[in-house]
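This report describes selected local features of one protein model for a reader who is new to structural analysis. The sequence and the structure are shown first, and the discussion follows.

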Amino acid sequence: MSERTSNRIFDIVNISFISLFVIFCLAPFLHTIAISLSSNRAITSGEVTIFPKEFNWDAYIQVFSDQSMIYSLGFTTVLTVATTVLCMLFTLAAAYPLTKKKLKGRKLFMYVIIITMFFSGGMIPEYLLIRDLHMLNSVWALILPGLVSPFNLIILISFFRGIPESLEESAEIDGSSHVHTLFKIILPLSMPVLATLALFYAVGRWNGFQDSLLYINDPKLYPLQLKLFQMVQNNMVSELTLMEGADRTPLTPESLKAATVVFATVPILLVYPWLQKYFVSGAMLGAVKG
């Protein structure tokens, strides 16, 4: 068998495996979308697979008619953006100095950071800490505990260490300060990793509900995922199906839950195409010449 034939067979097997894996990943989401767009009869009879049956928009109309869901969507969007910005700022502030050999105690700081990846106080001590800091029912309880991820911090430190020191030395000779070097030289070269970490932080905050479940009792501070969790776990569908003035036939709980899942998932999915260009760009392309 020639090398060309072997490569072709490998490509066919590889593409087939990846395509099958993609189908397995997409099937549950497509099934959820199909349920949200299907009629009550088709859902209760079990006819819905990955394609809608007896197409209708009633579930989405009722979800968008719930003002608390719209408010929660707006609040979660603002919370996600604010959390991502703050997390990136603090991660940068920690990562850049830890790449400097002149920093005293640098290894000790790294050991402390790594230890937090494997050991934590647990849920009860964390709750007691948030309570003693008077952050219960506060938006800060959703931001400050996860302000810096040790995993993301280590990724950023590793990336910064891969940037040639000659760039910073040249800037230092020209009289550039550390802050100026960071924002004018290091960060422009680090857009791929910064976009990736920002996406990690944003997705983590958007999908998070355990911290809000523990620390938040004020409905005005409910993130979207907590609203969804309450609907699925506590049968809150009645709040939507029994709205005043609703003249439609009450929908099945499965339809409304599926519509709410899609409602809570699609916004964060729209972020991926916007950041994709940074994932494929070269971090050091053209940074050093000669």
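Is the crossing of α3 and α14 left-handed or right-handed? The model under discussion is predicted, and in this model the two helices cross in the right-handed sense. Helix α3 covers residues 58-65 and helix α14 covers residues 253-269. Their axes come within 9 Å of each other, and the crossing angle is roughly 65 degrees. The contact involves several side by side positions in the sequence of each helix: from α3, the participants are A59, Y60, Q62, V63 and F64, and these meet S255, L256, A259, T260, V262 and F263 of α14.

**Two residues with positive phi**

Most residues other than glycine have a negative phi. Against this background, two residues of the model deserve attention. E54 is not a glycine, yet its phi is positive, at about 55 degrees. N137, also not a glycine, has a positive phi of about 55 degrees. The table places the two together.

| Residue | Phi | Loop | Relative accessibility |
|---|---|---|---|
| E54 | about 55 degrees | between α2 (40-44) and α3 | 42% |
| N137 | about 55 degrees | between α6 (123-132) and α7 (150-161) | 35% |

Why does E54 count as partly exposed? The reason is its relative accessibility of 42%, since partly exposed residues are those that are neither under 20% nor over 50%. N137 likewise counts as partly exposed because its relative accessibility is 35%.

**A buried arginine**

R106 belongs to helix α5, which spans residues 106-118. R106 is buried, but it forms no salt bridge. The nearest side chain of opposite charge is that of E165, at a distance of 8.7 Å. A salt bridge would require a side-chain nitrogen within 4 Å of a carboxyl oxygen, so the pair of R106 and E165 does not qualify.

What does the side chain of R106 reach at 3.1 Å? The partner is the backbone oxygen of K100. When neighbours within four places in sequence are left aside, R106 is in contact with L98, K100, K101 and R161. K100 therefore appears both as a contact of R106 and, through its backbone oxygen, as the partner at 3.1 Å.

**An exposed lysine**

K184 is found in helix α9, residues 178-189. K184 counts as exposed because its relative accessibility is 57%. Between K184 and A171 there are 9.8 Å in space, taken from C-alpha to C-alpha, and the two are 13 residues apart in sequence.

Notes. Residues numbered from 1 in each chain as written. Predicted model: local features only at pLDDT ≥ 70, side-chain atom pairs only at ≥ 80, totals over all residues. Heavy atoms only, no water. Helix = DSSP H or I, 4+ residues; strand = E, 2+ residues; numbered from the N terminus. Buried < 20%, exposed > 50% of the residue type's maximum accessible area, 1.4 Å probe, protein only. Lys, Arg positive; Asp, Glu negative; His and termini not counted. Polar contact = N/O pair within 3.5 Å; in protein donor to acceptor, adjacent residues only side chain to side chain. Contact = heavy atoms within 4.5 Å. Axes fitted to C-alpha atoms, helices over the stretch in contact; angles between N-to-C directions. Left-handed = near helix turned anticlockwise from the far one by under 90°.
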